[in-house]
Amino acid sequence: MTYAMEGRASREPALFSPKPRAKPRGQSKGPGRADARRSTSGLKRNVFFRIYLLAMFLSTRFLTTMDIRNVVVLGSGCAGHTAALYSARANLKPLVIEGHEPGGQLSMTTLVENFPGFPEGIQGPELIENMRKQAARFGAEYRMGHVVKADLSKHPFELSFGKEIIQTRTLIVASGASARWLGLPNEHALIGHGVSSCATCDGFFFSGKEIAVIGGGDSAMEEAIFLTRFATKVTLIHRREQFRASKIMLDRARANPKIEFLTDTVVDDVLDVSKKEVTALRLRNLKSGESWDFPASAMFLGIGHIPNAKIFEGQLETDADGYLITQKNVFTRVPGVFACGDVQDRRYRQAITAAGSGCMAALEVEKFLEEEGH
Ligand code: NAP
């Protein structure tokens, strides 16, 4: 790895601080010889110093050139692993920085039944682990942690990873979007046991049950409508009386006989951790202050996603909600920087579409490097 130059600079003075001169033993043999000795040793030190500087300069150049990556992939969800797999098979030796949520949203779900190739379905964490192994088999290198700063104005691009500066000729941003959670005391413990942020992924498990959807935007409407395929009743719980959802979506939800609305209502907690399943939601009406336990087998959150693209603010184009804007699927406005998966897709958000765009990004990286002569 290339280290920040301050590190080297701070080490130099210590190595070359002048040595305390030894006291001359006995009588001095005269000023002429002492001066000559002093000037010889000064000359030697000077030569050594120059050699040292030259060595440092060459090693810095050598290490820097050696350490410039062909491609760095940010994120280890479906998009990131697929980008890593394709670029590893193209012998580009990708470095994957795993990010805040290694494995992305699949690592938080249970059975995945809509990823082609698994007739019986596959557990989300297993699917993602398989993808990781597959990419690693072809030489993808994985590192835990996340990039705190990216400088895309330089080429090679510079990424701050802890105290290291990673240089790379191309960058694939596959950092995903994190589902927004309510932050309830027991919410996290019940993810995968009735608490979910993905109706397409988990709705099927609640066939014949009564479930709740939280939110008042298009996502919540869409989830509620989708879930009526399985549930006997869907209750849409929203904290206000007005909805953020588009009229058409709201009308569709209102027209659905299986959907009921509870407005001005917030969720204070989800029960029951001791049973390892959702049995009820503790609700509170914001106007009356009344609190009660509302029976439900699942709680689906449709309160939005947060794209993980903050470090690119001002460098890459984003929409009003912070999603990266891409052209021709994966091109950002910075040549050599490609984006794929949920960080740039607010529409489909599926494992298979994320994997598809990861593949596209890797193929574009290959073309870009080829055109640059690497
Ligand atoms: P959104 O429009 O930002 O709506 C989020 C909803 O969640 C809001 O009603 C908000 O309540 C509520 N909310 C947020 N934080 C909350 C909290 N802590 N507790 C309780 N409620 C909370 O997000 P979205 O629905 O995901 O939509 C995002 C964008 O994607 C929109 O532009 C939407 O049109 C688009 N989209 C389109 C479709 C479609 O056309 N089929 C489908 C999905 C999404 P408040 O209203 O009180 O703030």
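A residue counts as buried when its relative accessible area is under 20%, as exposed when that value is over 50%, and as partly exposed in between. Keep that scale at hand for this tour of a predicted model.

**Stop 1: the cysteines**

Select Cys198 and Cys201 and show their side chains. Their sulfur atoms sit 2.0 Å apart, and the two residues form a disulfide. How many disulfides are there? The count comes to one. Now look along the S-S bond: the torsion about it is about 75°, so the disulfide of Cys198 and Cys201 is right-handed.

Are the two partners buried or exposed? Cys198 has 16% relative accessibility and therefore counts as buried, because the cut-off for that class is under 20%. Cys201, at 28% relative accessibility, counts as partly exposed.

Next, pick Cys359, which takes part in no disulfide. Draw a distance from its sulfur to that of Cys340, the nearest cysteine sulfur, and you should find 9.9 Å. Cys359 is buried, with a relative accessible area of 16%. Cys78 is buried as well, at 8%.

**Stop 2: helix H3**

Colour residues 78-89, which make up helix H3, and find Gly80 within that helix. With a relative accessible area of 0%, Gly80 is buried. Then add Ile172 to your selection: it lies 92 residues from Gly80 along the chain, yet the C-alpha atoms of these two residues are separated by 7.9 Å.

**Stop 3: the open sheet**

Switch to a cartoon view and select strands S11, S18, S12, S13 and S14. These five strands form an open sheet in exactly that order, and the pairing is parallel. Which strands lie at the edges? They are S11 (195-196) and S14 (259-262), each of which pairs on one side only.

Move to strand S12, residues 210-214. On one side, S12 pairs with strand S18 (residues 298-301) in the parallel sense, over four bridges. To see one of the residue pairings, select Ile211, whose bridge partner in S18 is Ala298. S12 also pairs with strand S13 (residues 233-237), again in the parallel sense, here over five bridges. Glu210 is a good residue to pick for this pairing, as its bridge partner in S13 is Lys233.

Try a surface view around S12 too. Four of its five residues are buried, so S12 is largely enclosed by the rest of the structure.

**Stop 4: the ligand**

Finish by centring on the ligand and displaying what surrounds it. The shell holds 16 residues, and the closest are Asp218, Ser219, Arg240, Arg244 and Arg346. If you colour this shell by class, you will find three nonpolar, seven polar and six charged residues. Which helix gives the most to the shell? That is H6 (residues 218-227), with three residues.

Now check some distances to oxygen atoms of the ligand:

- From Asp218, a polar side-chain atom lies 2.6 Å from a ligand oxygen.
- From Arg240, an N or O atom of the side chain is 2.7 Å from a ligand oxygen.
- From Gly217, a backbone N or O atom lies 3.4 Å from a ligand oxygen.

For the last view, put a surface on the protein around the ligand. On its own the ligand has 910 Å² of accessible area, and the protein covers 72% of that.

Conventions: Residues are numbered from 1 along each chain as its sequence is written. This is a predicted model: local features need pLDDT of at least 70, side-chain atom pairs count only at pLDDT 80 or more; totals for chains, interfaces and linings use all residues. Side-chain values use heavy atoms; hydrogens and water are left out. A residue is near a molecule or strand if one of its heavy atoms lies within 4 Å of it. A polar contact is a pair of N or O atoms within 3.5 Å; within protein, one must be able to donate a hydrogen and the other to accept it, and residues adjacent in sequence count only if both atoms are side-chain atoms. Accessible areas come from the Shrake-Rupley method with a 1.4 Å probe; for residues, only the protein chains shown count as cover. Helices (H or I, at least four residues) and strands (E, at least two) are DSSP runs, numbered from the N terminus. Ala, Val, Leu, Ile, Met, Phe, Trp, Tyr, Cys and Pro count as nonpolar, Asp, Glu, Lys and Arg as charged, and the others, Gly among them, as polar. A disulfide is a pair of cysteine sulfur atoms within 2.5 Å. Buried means under 20% relative accessible area, exposed over 50%, partly exposed in between (1.4 Å probe, protein chains only). Two strands pair if DSSP finds at least two bridges between them.
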